[in-house]
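Subject: Structure handover and findings

Hello,

Here is the structure for you to load. Please open it beside this message, and read the notes with the model in view.

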Amino acid sequence: MPQIRPVSDLRNNFSEISKIVHETSEPVFLTKNGYGDMVVMSIEAYERKLFEGEIYYKLKEAELEAKYTNVRYTHEEVFSDLKRSLADKIGKDNV
C-alpha cells in the first residue's frame, strides 16, 4: 500500500519519512491541499527506477528492430562484438 502524506510532513516529520523511504525502498507520495504534489524516494530507489526504465526502453527498441528487419545475430556474434568494443574502450582509456 502506498504511503501518502501531506507535504507538511516533509518539514515536520522529515526523519520519519527518510526512514520509511530507506527501509522500504518505496516512495512516499506527498499531497498539497488534498492533491498529489510530489514524490520522495531514496537515491537508490531512484537510480533503480532509472536503470529499469533504460532496460525496458532497450528491450522495446530491440523488439521493434526485430519486427522490422530480418537481420539476426548469433550468441557468438553478439558477445564477440561486445568483447571487441570493450577491448577498444579499455585501450583508448589507457592511452
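What follows is what was found in it, element by element. Keep in mind that this is a predicted model.

**The sheet**

Start with the strands. There are three, and they form an open sheet in the order S1-S2-S3. The pairing is mixed. S1 (3–6) and S3 (35–40) are the edge strands, and each of them pairs on one side only. From one strand to the next, the twist averages 35°.

Now the two pairings. S1 and S2 (residues 28–32) run parallel, joined by four bridges. Across this pairing, Arg-5 stands opposite Leu-30 in S2. S2 and S3 run antiparallel, with five bridges between them. Here Val-28 has Val-40 in S3 as its bridge partner. As background, strands of a sheet pair through backbone hydrogen bonds, either parallel or antiparallel.

**Helix H2**

H2 spans residues 14–24, and its buried residues are Ile-17, Ile-20 and Val-21. Why do they sit on the same side of H2? They cover an arc of only 90° around the axis, so they share one side of the helix. The face turned away from that buried side carries the exposed residues Ser-15 and Glu-23.

What covers the buried residues of H2? The cover includes all three strands, S1, S2 and S3, together with helix H1 (8–12).

**The core**

The largest nonpolar core has six residues: Ile-17, Ile-20, Val-21, Val-28, Leu-30 and Val-40. H2 and S2 are the elements that give two or more residues to this core. H2 supplies the largest share, three residues. In general terms, nonpolar side chains tend to be buried together in soluble globular proteins.

Val-40 is a good residue to click on. Leaving out residues up to four places away in sequence, Val-40 touches Leu-10, Ile-17, Val-21, Pro-27, Val-28 and Leu-30. Of these, Val-28 is also its bridge partner.

**Asp-9**

Look at H1 next. Asp-9 is found in this helix. Is Asp-9 buried or exposed? The relative accessible area is 13%, so Asp-9 counts as buried, the cut-off being under 20%. Asp-9 touches Phe-14 and Ile-17, again not counting residues up to four places away in sequence. Ile-17 is itself one of the buried residues of H2.

**Two positive phi values**

Which residues should you check for backbone angles? Two are listed here.

- Ser-25 comes just after H2 and takes a positive phi of about 60°. Ser-25 is placed in the loop between H2 and S2. Its relative accessibility is 30%, so Ser-25 counts as partly exposed.
- Asn-33 has a positive phi of about 55°, although it is not a glycine. Asn-33 lies in the loop between S2 and S3. The hairpin of these strands has two residues between them. At 71% relative accessibility, Asn-33 counts as exposed.

**In short**

The picture is a three-stranded open sheet with mixed pairing. The buried side of H2 is covered by elements including S1, H1, S2 and S3. The six-residue core takes its largest share from H2. Ser-25 and Asn-33 are the loop residues to view for positive phi.

Best regards

Notes: Residues are numbered from 1 along each chain as its sequence is written. This is a predicted model: local features need pLDDT of at least 70, side-chain atom pairs count only at pLDDT 80 or more; totals for chains, interfaces and linings use all residues. Side-chain values use heavy atoms; hydrogens and water are left out. Two strands pair if DSSP finds at least two bridges between them. Axes are lines fitted to C-alpha atoms, for helices over the stretch in contact, and angles run from 0 to 180 degrees between N-to-C directions. Buried means under 20% relative accessible area, exposed over 50%, partly exposed in between (1.4 Å probe, protein chains only). The arc is that of the directions from the helix axis to the C-beta atoms. Contact means heavy atoms within 4.5 Å. A nonpolar core is a set of buried Ala, Val, Leu, Ile, Met, Phe, Trp, Tyr and Cys residues joined through side-chain atoms within 4.5 Å.
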